[in-house]
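I opened my notebook to keep track of what I looked up, one entry at a time. Come along and follow with the structure beside you.

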Amino acid sequence: MIPHRPMFWHIEYVWLFYVLAAVAGGLFLAGVAAHVWVWKRAARYFRIPFSQKAVKKTLVDALLGRRVFQGNMAAGAMHFLLFWGFLVLFIGTLLLAAHHYVHPFLIGSLYLGFSMAMEIGGAMLMLGLLWAIFRRYIQRIPRLETTKEDALVVAWLVLVVLSGFVVEGLRMAFQHPQWGGWSFVGNCIGNLLTISASESLYPYLWWVHTLLALGFIAVIPFTKLFHLIGAPASLYVQNTPKTPLAPEDETVETLDLADLVFFDACMRCGRCVEVCPSAGVGEPFAPRDFVQAMRLRLWMEYSPFGDVRFLSRGHEKKMAERIWYCTTCRACLEVCPIYGATFEAIRKMRAVAIEEGTQVPQILIQTLDKLYRYNNPWEASKKKRAAWAKELDLVDLTKTEKETELCYFVGCTTSFDTRAQEIARSFSWILQKAGINFGILGKKEPCCGDIARRVGEIGLFHEQVDACLKLFSNYGIEHVVTSSPHCFHTFQNEYPEAPFKARHYTQVLHDLIVQRKMEFEKKLEVTVTYHDPCYLGRYNRIFDEPREVIRAIPGIRLVEMAHHGPDSLCCGGGGGRMWQEDLDGETKMSEIRIKEAHATGAQILITACPLCLIMLEDARKTSGLEEELRVMDLNELVAEAMGKGNNI
Amino acid sequence: MKEILVIAEHRQGELRDITMEILGLANQLAQAHGLSVTGVFLGADASPFSQTLARTCDRILVVEDPGLDNYNADPYLLVLAQIISQQQPYLTLLGHTAMGMDLAPALSARLAIPLVTDCVGLAFPRDCLEASRQVYGGKVNALLRMKPSSQYLATIRPGSFSVDLAQDKTATVEKLPSPSWEGLKGRRFLGYLEPEVEDVDISEADILVSIGRGIGKPENIPVAEAFAEAIGATLSCSRPVADKGWLPKSRQVGTSGKTVRPKVYIALGISGAFQHQAGMKNSGTIIAVNKDPKAPIFKVAHYGIVADLFQVLPMLTEKFKKS
Amino acid sequence: MNIVVCIKQVPEVTDAELEITKDGTDIDKEDLEMSINEWDNYAVEEAVRIKEAHGGKVTVVTLGDEDAEDVLRRALAMGADEAILIDEEDFEGSDAVGIAKGLYAAVKDLDFDLLFTGVQSSDDAWGQVGLLMAEWLELPFASLAVKIELGQGKALVQRELEANTLEQVELPLPAAVTIQTGINEPRYVSIMGIRKVRNIEIQQRTAGDLGLSDMEIGEQGSHVAQRRLSLPEEGEGAEILTGSLDEICERAAQIIRDRGGVA
C-alpha cells in the first residue's frame, strides 16, 4: 500500500468538526479584528507604509528568532524550538487541508517525508514547552512572571501536543501502517497501547484533541498568545520609517500605530525590566508595567467590550505619576525582541500630561519655566551663559565676521554648572592647541531643546528648534560640535532637515588623533575606565571613537566595567531626571554605576557627557568613594595629557 | 493733642507680641512729635490685658462684646470705623499680621484714609508721613513720602520694632458701647484649626543647626544633636538627609521643604545648592562649615569655616559646655 | 459659579541682580523677564478648579501694557474663559488705590459669585487691592485663603494665621477672597496650550471707557508724594574664619552667643 493517511479515520459526525472549526476560526478572526479596531481608534495615524527593508527584517528576525537569542542562548534556543515546532505543525495542517480538499499529493515518499517532518515539529514543540515550563517554574528566572495566564497558556498547548501524539499513537496501534516508523513518536506510543483499547477510545480522544486544538486557536487573540500575530506585526511596523511631528501640527503627539501594536504584542518577557536602571534601583517603575498598564488603559477606553484578555484583568498599575521616572536611556529597546521603544511611548504620554497640566510635577514646572524664559533649565539668567569663557579669549560667532571651520555649541549644563564648565574650558584649550579655527555663540546660545522634548513639552521644543535654526542661519553656521551627547543626538536625529552638520566632541577628538593634530606632552600612567553615555552609545552607536582617543594617550591603561558599550548603565540624569531629585530613592542609579567603576580597580572614571559627569561626581561623594576614584570628562584627560593643567 | 491710635491684637486669650512692638513705635513717635498714644481694645473682656496696655498708653478705648471675642473683619470694621471717625486720630497703627492685613485696607477704603502697609520704619520728618518699606521680595528698600493728610493708616511689619517695656504710664480706660450691628456683610468666624502635628516646627526656632550630606551617615547625627542641644538649637537638614530618611521631612530646609529665618543658621556639611539657599538665605546670621572652600554655601553665609565638621563640632560643643 | 480673578504681570526678580534707575524711583526692568504674580497664579488655578467642579465662567482682568496680555493668555490656557485688559496709560504713578479703582470700575458691572486676587504682588507688596475692591463692591471678604470650599450660597474659607494656626470663616456669596500661595498646585501651561487660546479675544478697556478721572488715578490720585528706592548694603560672601581650630571655634561660639541670644 502506498504511504498515505486516511482523513477522519473512524470518526463520525465529521460535519461537527467543520462547525467547530468555523466557530474557532471565527473567534480567532474576531479577536484579531478587535485588536485592529482598537488600533484604528487609538492611533494618531493609522497608516501602514510598505517598506521592503521592514519586510526583510521581519522575516529574518521572526524566522531566526535573532533578538530572542541576543544575550540569552537558552531563551533563544527554547523559543526556536517553540516557534519552529509550532510553525511546522501549522504548515503541515494547511498542507493536509490542501491535500484533502484541493488535490491529494501527500502520498508515497512525499507523505513519508511529511510524516517525519510533523513528528519532528511536534517533538520540537513539546521539547520547547517542557523547557519553557522548566525555566518559568523550576529555575524561576526572575523576569518571568507566573500569572494565571502564563500557566494556562503553556498547559493548554502541552495538552494539545500531548493529546495529538496520543491520538496518533492510538491510531497507529490499530492501523499498524508499514510506514509507521516515519511517525516515530506516535509509533512509540502506539506500541505501548493495546488494540482493543485503542478502537473504542479513539474517537473520544480524537474529539478531545480537536477541541483542545481548535480552542487553542480561538483563544489566541484573547491572551498573550496574540503575540503570534502581534510580534511579526510589531517587527514590521517598528522598522518602517516614522512620521516626525511637524512644527505646525497643533495636535498633541500621542501614541501612534507602532506603539499600539507593540503594547498588544508584548509577551511580558521582562527583558526590559532586567536592564531598566530605574527598576534596577528599586524605583516604582518598570517598562513592562508601563506597557501593560497602557495596553489595559487603551482597551478600556477604545474597545466596546473592554479588555478582551480575560485573564489579565486587574493588572493595572498606577502609571500616571510613574511616567516621570524613565531616564530615556534606551536600554529597553536594546533588548526588546519586538523592538519596543517604551521610552518613546512614555515621552508621548508625558506630552499628554503636559498638555493637560495638572499631573506635571511642580519641580519640573519650575525647570520648564526657566527654559522658556532664559533658554536654559538651570538659572534664571541669560547673561551668565558665557561666564565660563570670560578669560579665554574665544571667538564669539555672534559678534564677528570671521570665518570659522566649526561652531562649538557648549550647551546649557556645560555653560552653567561649575563642574561641567571644565569640559568647555578643556575642549576649547584643546582646539586652540590643535590650531582649529572655531567659535562659540556666547550669551546668545539657545537651548537645543532636548529636555523640553524628553519631558513632553513639544511646543517649547519647537521654539528652541526655531531659535537654534535661526541663529545658525543668521551667522552662517554649518558645522556644530557639542559638549553633550543629548544636544548632538537632538540636532542630528530630531531636528528637521537642516543645513548644518552636528557632531559630538568625541568625534572631533578622534579626528584630531587620526589626523595627527594632537600632540601628547605627558605620559599618564593611570588606569581608567570609560562610561558610555546613553545618548552617545546606545542612541548613536558611538562606542569606539572615545575609546580610541583614550588609548592614544601614552601610558594609559583602559579597563572595561561589567556593563559597557551597548550594555552601559545609565547615570540617571537623562529624561529630565537631572531636575527631579525628588524621584530618587534610597539608592541612586549613579551610585550603582560609580561602584561598578570602582570595582574595575580604575583610578579614574572617564565620561563624555556633562550630565553623566555631574551625576557621577555626586555619586562619588554620596557613596563615600571620594578618596578612591576620580571622575573626569574625556576632554579633561586629553587636555592634561596634552600639557594643560595640574590635575593629575 | 494729636493722637496715635494703636489697635491691640489678641488671640485665644493672649495679647500678641506685635501689639507691644507697635506700642513701642507709637511711644517713640509720640515723644518725638508731642503726640499721645491711645490703645484700642476690641474683644469680649479687656481685663486680662488692661494693665499691660495701661502702662504703655495714655488712654485706652475698650469695646467689650462677645461678638468681638475672636477677630472678624465684619464687626471689627464697624466698630473701628466708628471709633476712628469719632476720634480722628492722626495716625492709626495695626500689625501687618493676618488681622491687620485683613482689616486695614477695608478700613482705609471705608474712611478714605491713606494706608501704607508692611512698614519697617515710620517718621514725620515734615508734616507728612514717611514710611520705610521693602519691595521686590526684600531685595529693594523703598522710602515713601506720603502726601499731606489729616489722618494716616499704617500696618507695621512684625519684628521691626522692639517691645518697649520701659513705659510706666497710667492710662485712663474708656469703655465705649457696642455699636448697633447694622450693615454687617455676613462673615462668620467658625473656629481655629490646629495644624497637623509635626514633631517640631523648624520655622519657629531661633537657632538652627542644619546638617547636609557631609554628615556621612545617620550614625553621625548624634554629634550634631549634641551640639544643637548645647546651644539650645533645633536640628534641621538639607534635602539629601531628609530623602534618605535620616531626619523627618519636617526638618528639611529648602524650596521643597521649609523656608526659615532664624537668628542664627549653622550649616554643617551642606554644599548650598540654590534650592537649599532659597530656604535659608534670609537668616539673621549664617555660619557655614564645609571641607570644600568652593562650596556655594559660602556665598550666602556670613561666616565660613573651611574644615572637617567632625573636627569642628566636638570643640565647638565644648565651648558651650564650659559656660 | 462665576469667578473674576484680578491678576498682575510683575518682573521676575528672585535670581536677578537688580539695579535702581538714575532718578531712584524704580528698578531697571530692561533685562528682566515678566511673568504672572505668583499669588495670582494660585488664584487663577483655584478659580479654574472651582469652575471645573461646579461649572460657570472664569474671567481674568489685568491692568497693564500690551505685554500684560501674556499673563491673560496664560490664564486662558489654564482654563479661564474671558480676559479683560485695562490699558495702563493714565494709570502711571498710581498707588494701590488707583490700581484698585481701575479694576473696580472694570468688574463692578460683571456678574460673579467670587472675586479673587492674590494676597499681594511680588513687586510692591501692598496687599491692598483685593480688599479695597471688596469694600467698594460692598462684598464680604476674607484674606490669606489657603482652602476654599463652596456650599449652598456660601464659601467656607480657611485663613492662614501666624504660628502655623488656621482659622475657618464663612462668607455668604457673592464674596471676595484674597488667595495665599500654597492653596493648590498650579497646573502647567504648555506652549501648545497657549497657542490654542491665541484666538480668544481680549477685551480692551481704557480709563476713559471706565469713566475714571485723573483725580482718582495716576499721580494725582495717588497718596504717595515721592518714592525713593535703594539697594541694601551688599555682603561679600562669607568671612572665612582663620587661625587655629581652637581660635576658630572660639570666634564661632562668640558669634553664636551674640547673634543667637545664647547664654
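These entries go through the chains, their interfaces and a few paired strands.

**Entry 1: what kind of model.** I reminded myself that this is a predicted model.

**Entry 2: domains.** I looked up the domain assignment of chain A and found domain 1 (14-233), domain 2 (239-356), domain 3 (363-513) and domain 4 (517-641). I also looked up the spacing of domain 1 and domain 4 of chain A, and their C-alpha centres lie 48 Å apart. For chain B, I noted domain 1 (3-175) and domain 2 (202-322). The C-alpha centres of those two domains of chain B are 38 Å apart.

**Entry 3: where chain C meets chain B.** How many residues of chain C are in contact with chain B? I found 79 residues of chain C touching 71 residues of chain B. The area buried between these chains comes to about 6400 Å², and carbon and sulfur atoms give 59% of that.

I then turned to the polar side of this interface. There are 6 salt bridges between chain C and chain B. I picked out the one between B:Arg110 and C:Glu135, where the closest N and O atoms are 2.7 Å apart. I also noted 32 residue pairs in polar contact across the interface of chain C and chain B.

Next I asked myself which parts of chain C supply the side that touches chain B. Several elements give at least two residues each, among them helix H4 (129-136), strand S7 (141-150), strand S8 (154-160), strand S9 (166-172), strand S13 (239-240) and helix H7 (245-260) of chain C. H7(C) gives the most, with 13 residues. Sorting the residues on this side of chain C, I wrote down 41 nonpolar, 17 polar and 21 charged.

**Entry 4: strands paired across the chains.** I followed strand S18 (residues 303-305) of chain B and saw that 2 bridges join this strand to S13(C). Parallel or antiparallel? The two strands run parallel. If you want a spot to look at, B:Gly304 stands opposite C:Ile240 in S13(C).

**Entry 5: where chain A meets chain C.** Here I found 26 residues of chain A in contact with 18 residues of chain C. The buried area is about 2000 Å², with 49% from carbon and sulfur atoms. I noted 3 salt bridges across the interface of chain A and chain C. One of them joins the side chains of C:Lys196 and A:Glu355, at 3.4 Å from N to O. The count of residue pairs in polar contact between chain A and chain C is 9.

On the side of chain A that touches chain C, helix H15 (342-356), helix H16 (362-374) and helix H20 (458-474) each supply at least two residues. H16(A) has the largest share, 7 residues. By class, I listed 11 nonpolar, 5 polar and 10 charged residues for this side of chain A.

**Entry 6: strands within chain C.** I came back to S7(C) and S8(C), which run antiparallel and are joined by 5 bridges. C:Glu149 stands opposite C:Leu156 in S8(C). These strands form a hairpin with 3 residues between them. In the turn, C:Gly153 has a positive phi of about 60°.

Which way do S8(C) and S9(C) pair? They pair in the antiparallel sense, over 7 bridges. My last look was at C:Glu160, whose bridge partner in S9(C) is C:Leu166.

Terms used:
Residues are numbered from 1 along each chain as its sequence is written. Chains are lettered from A and ligands numbered from 1 in the order in which they are written. This is a predicted model: local features need pLDDT of at least 70, side-chain atom pairs count only at pLDDT 80 or more; totals for chains, interfaces and linings use all residues. Side-chain values use heavy atoms; hydrogens and water are left out. Domain bounds come from an automatic or database domain assignment. Contact means heavy atoms within 4.5 Å. Buried area is the accessible area (1.4 Å probe) that two parts lose on being put together, summed over both. A salt bridge is a side-chain nitrogen of Lys or Arg within 4 Å of a carboxyl oxygen of Asp or Glu. A polar contact is a pair of N or O atoms within 3.5 Å; within protein, one must be able to donate a hydrogen and the other to accept it, and residues adjacent in sequence count only if both atoms are side-chain atoms. Helices (H or I, at least four residues) and strands (E, at least two) are DSSP runs, numbered from the N terminus. Ala, Val, Leu, Ile, Met, Phe, Trp, Tyr, Cys and Pro count as nonpolar, Asp, Glu, Lys and Arg as charged, and the others, Gly among them, as polar. Two strands pair if DSSP finds at least two bridges between them.
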